[in-house]
Amino acid sequence: MDDKIMETPFPELYSKLAVAPLYIIQLIFCIGYLIFTRKDKGIFTSIFKIYCIFIIVNYLVALYFRFFHYPEK
């Protein structure tokens with residue numbers, strides 16, 4: 001394991017999530033899922049909606065760290 005990654009503070013690592021391509025694709029899919037299933041009911045749909053909301057909130061926190069806590073130099 002690279003020591004540089006292990007010594008990096010958690011907020012700085014979290015801020016890198018805001019520009020990760022796979023996470024952005026997952027975020028787009030989650031937003032689309034919430035839009036297209038907004039009237040559906042059921043236990044599995046509710047579980048996936050909660051998961052999508054978690055992904056969106058996680059991304060908003062990563063954006064906060066990206067722009068306000070660790071701005072690029």
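Biologist: How much surface does the protein expose, and what share of that do carbon and sulfur atoms supply?

Modeller: Accessible area here comes from the Shrake-Rupley method with a 1.4 Å probe, and for residues only the protein chains shown count as cover. The protein exposes about 6,000 Å², with carbon and sulfur atoms supplying 72% of it. Bear in mind that this is a predicted model, where local features need pLDDT of at least 70, side-chain atom pairs count only at pLDDT 80 or more, and totals for chains, interfaces and linings use all residues. Residues are numbered from 1 along each chain as its sequence is written, and side-chain values use heavy atoms, leaving out hydrogens and water.

Biologist: Okay, and where is confidence lowest and where is it highest?

Modeller: pLDDT is the predictor's confidence in each residue, from 0 to 100. Where it is low, the predicted coordinates should not be read in detail. The protein has a mean pLDDT of 86, and 89% of its residues reach 70 or more. Helix α1 (residues 3–7) sits lowest, at a mean of 70, while α3 is highest, at 94.

Biologist: How many helices and strands are there?

Modeller: Both are DSSP runs numbered from the N terminus: helices are H or I with at least four residues, strands are E with at least two. This protein has 4 helices and 0 strands.

Biologist: Let's look at α3. What span is expected for it, and what does it reach?

Modeller: The expected span is 1.5 Å times one less than the number of residues. Helix α3 (residues 21–36) has 16 residues and reaches 23 Å from its first C-alpha to its last, close to the 22 Å expected.

Biologist: Which residues of α3 are buried?

Modeller: Buried means under 20% relative accessible area, exposed over 50%, partly exposed in between, with a 1.4 Å probe and protein chains only. In α3 those are Tyr23, Leu27, Cys30 and Gly32, and they pack against α4 (43–69). Across the 73 residues of the protein, 25% count as buried.

Biologist: Why is there no bond between Cys30 and Cys52?

Modeller: A disulfide is a pair of cysteine sulfur atoms within 2.5 Å. The closest cysteine sulfur to that of Cys30 is in Cys52, 3.4 Å away, so it's too far for a bond. Cys30 is buried at 5% relative accessibility, and Cys52 also has 5%. A search of the whole structure finds 0 disulfides.

Biologist: Last one: is Ser15 buried or exposed?

Modeller: Ser15, in helix α2 (residues 10–15), is buried, with a relative accessible area of 3%. A polar atom of its side chain lies 2.6 Å from the backbone oxygen of Glu12.

Definitions and conventions:
Contact means heavy atoms within 4.5 Å. A polar contact is a pair of N or O atoms within 3.5 Å; within protein, one must be able to donate a hydrogen and the other to accept it, and residues adjacent in sequence count only if both atoms are side-chain atoms.
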